[in-house]
Amino acid sequence: MSDAVSALQGRVATGDVTIADAGLQGMITLRCDLSAKSLKAACKTMGLAIPERGQISRSGDKALCWMSPDELLMLVPYADVAGSLASVEQGMKGQHYLAENVSDARALIHIDGPFARDVIAKLAPVDLHPDSFKPGMVRRTHLGQIAAAFWMRDDGAFELICFRSVAAYAFDLLAASAKAGPVSDVRAS
Amino acid sequence: MSTRLANEGRLLNKGKALSFTFNGKNLRGYEGDTLASALLANDQMLMGRSFKYHRPRSVVASGAEEPNGLVNMGKGGRFEPNQRVTTTELFEGLIAASQNHWPSLEFDVGAINTHLSRFLPAGFYYKMFIHPRPLWKHVYEPFIRQSAGLGKAPKDRDADSYEHFHCHVDVLIVGGGIAGLAAAVAAGERGARVMLLEQTAHWGGRAVVDGAVIDGLPAEEWVEKTLQALEKMENVSLRSRCMGAGVYDHGYALAYERLTDHAPDTNSLRHRLWRIRAKQIVTATGAIERPLSFAGNDVPGVMLAAAVRDYVVNYGVSVGDRTVVVTNNDDAYRTAITLLEAGLAVPVIIDARTQAAGPLIDQARALGIRVETGKAIAKVKGGKRVTGVAICAQAGEGSVLEEVACDCVAMSGGWSPVVHLWSHCGGKLMWDADQVMFRPDPEKPPTGDKGQPFVSTAGIANGHLFTAEVVGDGWAAGRAAAKAAGHMKKGAQAPLGEDQEEGPISPVWLMPQGANYALRSKAWLDFQNDVKVSDVQLAAQEGFESVEHAKRYTTLGMATDQGKLSNINGLAVLAQSLNADIPNVGTTTFRPPYTPISLGAIGGAAANDLFQPVRKTPISDWSNDNGADNEPVGHWRRPYAYVRDGESVEDAVHREVRNTRENLGLLDASTLGKLIVKGPDAGKFLDMMYTNMMSTLPVGKCRYGLMCSENGFLMDDGVVARMSEDTWLCHTTTGGAEHIHAHMEDWLQCEWWDWQVYVANVTEQYAQIAVVGPNARKLLEKLGGMDVSAEVLPFMQWREGQIGGFDARVFRISFSGELSYEIAVPAGQGAAFWTTLMEAGEEFGIMPYGTETLHILRAEKGFIMIGDETDGTVIPQDLNLGWALSKKKEDYLGKRAHLRSHMADPHRWKLVGLETLDGSVLPDGAYAIADGTNENGQVNTQGRVTSTYYSANLERGIAMGLVRNGPDRMGEVIEFNKVDGTTVKAKIVDPVVYDKEGAKQNV
């Protein structure tokens, strides 16, 4: 077996806001009844709580993102995907659910810097005002002309996922948005 | 002449002179000038020619409503036509040139049209050029095209960059005049997130020019103080040079920010398009002064009264030494007073009202200005420049009482509130007969999802003409909007404005009221489109009674200014002609944007490399490094062929076709859709989705399936593999990945919501590579890891295991008729796996092949392609795929539709092979001609070509097509049309022209 490579293969665009390939990230798409006790239990064994609508719940290097009323995205280290899938399978036995490894189907990009909110707000129709969008929230939306989802870390940096095939577009778009600078609050002239 | 005054110009920085050129002439202005004020300061009155009659024109206004002052600006990558001189801030090195004239601005040949205007009335083009039909295309249109058009189209790629910005606010306030500022303070104090937009570079609107008094302060000081207070509010954001362009459903609004138009040639962004979601929108957009309709009201030097005032106060420019003021209201007296105070002469104020009394009139009289009431302008004297006016009685027909020499005419027909943004999303208007204006009807605002009003209007835009009302109304609107958005904090008191009393306005739609035809045909309504009072009257006379019809017939209000000056005057003339009330005639529809916005801003970042996302497979980079000649397939770029040095694309295709049949080919099939369908009801669900039976497919096996829409038309096909007891993997076409996923979700969410099925699109999780050709198995056996023998992995089965150390799913399926394995590996290892195959395959003659070879190989085998053999009107029966329509299943999507008489018609065009007698390649899409002609005189048809290629294996053209009763006509020769008008003969044959028995794939 050969070493897997991420779609962006480590690209970085350095600036006041830096856009960087986050490398390989384990991702499992999970569809089921989010209120099922077995799901809660299965996630608990992995140290994860079921997130509220529009939220991400984290525990160490793992996280669960709310994606829709019957869909979660599980984030685990790339090497742990098979094990995590097995845990889910174990916990959800006998239940109707779907769990698929989508780690390679996606790209994960970090957006880090003082006006990271602006960089995304130029591209996504999301209220990114600090009073509205806070760490712990996840938004499934679009970025320019592609589908994307993002959340904010406690340190104010953003993590954004998109489909692998459009990773280069997403990266270039974010890099251009960062390079164009912040949308300063120009007052009276 | 127009010139610069010594002591005026509140916006000017006279310490900083700027040089610019107009029509190649070097001119100078100051920082703070607009291009309009700078041109006037240089006595450049003539700025362009009108659209239809090529009449000399100068600015009539001082702001966004300007219809005449449009110029070509910049050069090269920064060239742009139709730039409005009144909203263009002057900068060092500005290059401008006038439009729509030939050979020169001063002498224009097209001006002959003005003498022919009697022969160019409204609807002239419709009447003149309708017959004979062919002349329009070949003679009239090319000729008219040459003489029409305002600016030149840019030739170079836009050198600037643009962006969008999304933001959400509680209260969006459009307009930074005193009403907007008061609204912003009120809403801000309540705690709402507020955004205040001002389209110009300056705050305060008209109040600062007209010397309003608020809270005991001159407006200029109050504005400054209020701005300081707003800047301290963290919840309030102020943006100047940012125009509210449009209001749309659900509180969506667009704003157009001009970041560097006033300082171009920098590397920063030029425009930003704000995409705003607001809970509440307050339009405090002010009002636009109306022109008066009298003969010669378009002669350079005739201007709106407030514009004349603006040029003096803001820019220190006098349009003329002697200005005649003509009005139907008190406000224009301010212009006369301002001019007098600036040391200029006002020989007479012509007031159409029979009575004029009040403080402003008294003040004017006290300054010694002659006021003539009940009078009108019979006509303006002068051609390229006003030289005087002829005065008559307003009540009469235009008999001249006296002539007064002047070089400027300041006209005021009253004020029309800017109701555009209020109206964009359905806000209704009411007619205010006392103030002679349409104003927003507060009972009929635009409403949101729950029926709640989401737009309100404030100040002059709301029909309040006086300072006290304006600031009070702005304040109240801001408070109410904040409250409606859920913010209730207490705030300070409303500002108090002070006013001079003004007398009533009198409606004047034509001057003099009984003007004869000669005068009416020189009284302009729409300056930019050259529409006169006589044109609108003619439209009414000819039966164009609806305001929308009259607009289109006369082109009134259809120019780039969208009738900001002309609409109300035009519809009043129409109402009079129809003997109807103005409110019964109504207005035309107000549509965004308020003034034109740049295409660059609309595109935002989507330019050049970011114009459109290009999808890449894990193998795309390798392909591009190895000669791929790509073709677009949706947003993907797939290699059409891998071209080697010295080869043409065609050569490469022929080589790839032969090599795949003889040795070994490799295809990047990663773009094919892969949908996981799982759940207790997944089998039942797939039996509904596909025409054939999928629930009975054993685990480990594959089946080719067809999908029809509800209407029975074939929409997708692909191989379905059973992964486990409750899980299937459905392959779709490349184009079908997303929409078949959506199609499945649609049925699951909307129809069969109680079925236990989940679908996941895992298309991009895998790189899928087809290993195709007689040597395919040898290659996989060499790499090792799993048994791929015919016994262990027979045709139409799949296994999971390892190939050369890669985790792989191997599908023994074939779209080429060759021994073929499609191998899926995780996308992150796709490129490595491809390279491994290429290297290990060298000894077996491996070559990558592209989509054209894929197409040729499948066509040789008679396999259909969605999009070639299907076009949304084709059913499986047409393609002889009746075998895939399950007879056992009670139902599936499309089954019922297939029973319709037309679907069951035995004479439908059906799939056959086509072999040209001369071996040539049939033109794609060619029709098979039949005897006779149809009712339109066109040749009858009996079929068409759906796929056509040159087969390097057979060394001749091959084709498939749909032909009436085709399968029953084997061996018959029919004729297909060619674009050169000749035909080509082809024999109807079996679509399978290569290895009919399937010996090659079943080894």
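Which residues of chain B does the UniProt annotation "domain: GCVT N-terminal" cover? In this predicted model, that annotation, from an unreviewed entry, spans residues 620-889 of chain B. Below is a short tour of two annotated spans of chain B, a strand arrangement, an enclosed helix and the side of chain A that touches chain B.

**Annotated spans of chain B**
- Residues 620-889 of chain B, the span that UniProt labels "domain: GCVT N-terminal", are 27% helix and 30% strand.
- The C-alpha atoms at the two ends of residues 620-889 of chain B are 42 Å apart.
- A second UniProt annotation, "domain: Aminomethyltransferase C-terminal", also comes from an unreviewed entry and covers residues 910-995 of chain B.
- Residues 910-995 of chain B are 0% helix and 56% strand, and their end C-alpha atoms lie 22 Å apart.

**Strands around β50(B)**
- Strand β50 (residues 956-964) of chain B runs antiparallel to strand β47 (residues 909-916) of chain B, and six bridges join the two.
- One pair to look for here is B:Gly913 with its bridge partner in β50(B), B:Met960.
- Strand β49 (residues 939-951) of chain B is also antiparallel to β50(B), with eight bridges between them.
- Within β50(B), B:Gly957 is the bridge partner of B:Tyr950.
- Four residues separate β49(B) from β50(B) in a hairpin, and B:Glu955 in the turn has a positive phi of about 55 degrees.

**The enclosed helix α14(B)**
- Helix α14 (residues 533-541) of chain B is largely enclosed by the rest of the structure, because eight of its nine residues are buried.
- The buried residues of α14(B) are B:Val533, B:Ser534, B:Asp535, B:Val536, B:Gln537, B:Leu538, B:Ala539 and B:Ala540.
- These buried residues pack against two strands of chain B, β32 (524-526) and β33 (531-532), and against the helices α13 (517-520), α15 (547-554) and α16 (567-578) of chain B.
- After α14(B) comes B:Gly543, which has a positive phi near 100 degrees.

**Where chain A meets chain B**
- Chain A gives 43 residues to the contact and chain B gives 46 residues.
- On the side of chain A that touches chain B, the elements giving two or more residues are β3 (26-31), β7 (98-101) and α4 (167-179) of chain A.
- Of these, α4(A) supplies the largest share, six residues.
- Sorted by class, this side of chain A has 22 nonpolar, twelve polar and nine charged residues.

Conventions: Residues are numbered from 1 along each chain as its sequence is written. Chains are lettered from A and ligands numbered from 1 in the order in which they are written. This is a predicted model: local features need pLDDT of at least 70, side-chain atom pairs count only at pLDDT 80 or more; totals for chains, interfaces and linings use all residues. UniProt positions are given in the numbering used here, feature names are shortened, and annotations may be inferred rather than shown by experiment. Two strands pair if DSSP finds at least two bridges between them. Two residues are in contact if their C-beta atoms, placed from the backbone, lie within 7 Å. Ala, Val, Leu, Ile, Met, Phe, Trp, Tyr, Cys and Pro count as nonpolar, Asp, Glu, Lys and Arg as charged, and the others, Gly among them, as polar. A residue is buried if 20 or more other C-beta atoms lie within 10 Å of its own, exposed if 12 or fewer, and partly exposed in between; C-beta atoms are placed from the backbone.
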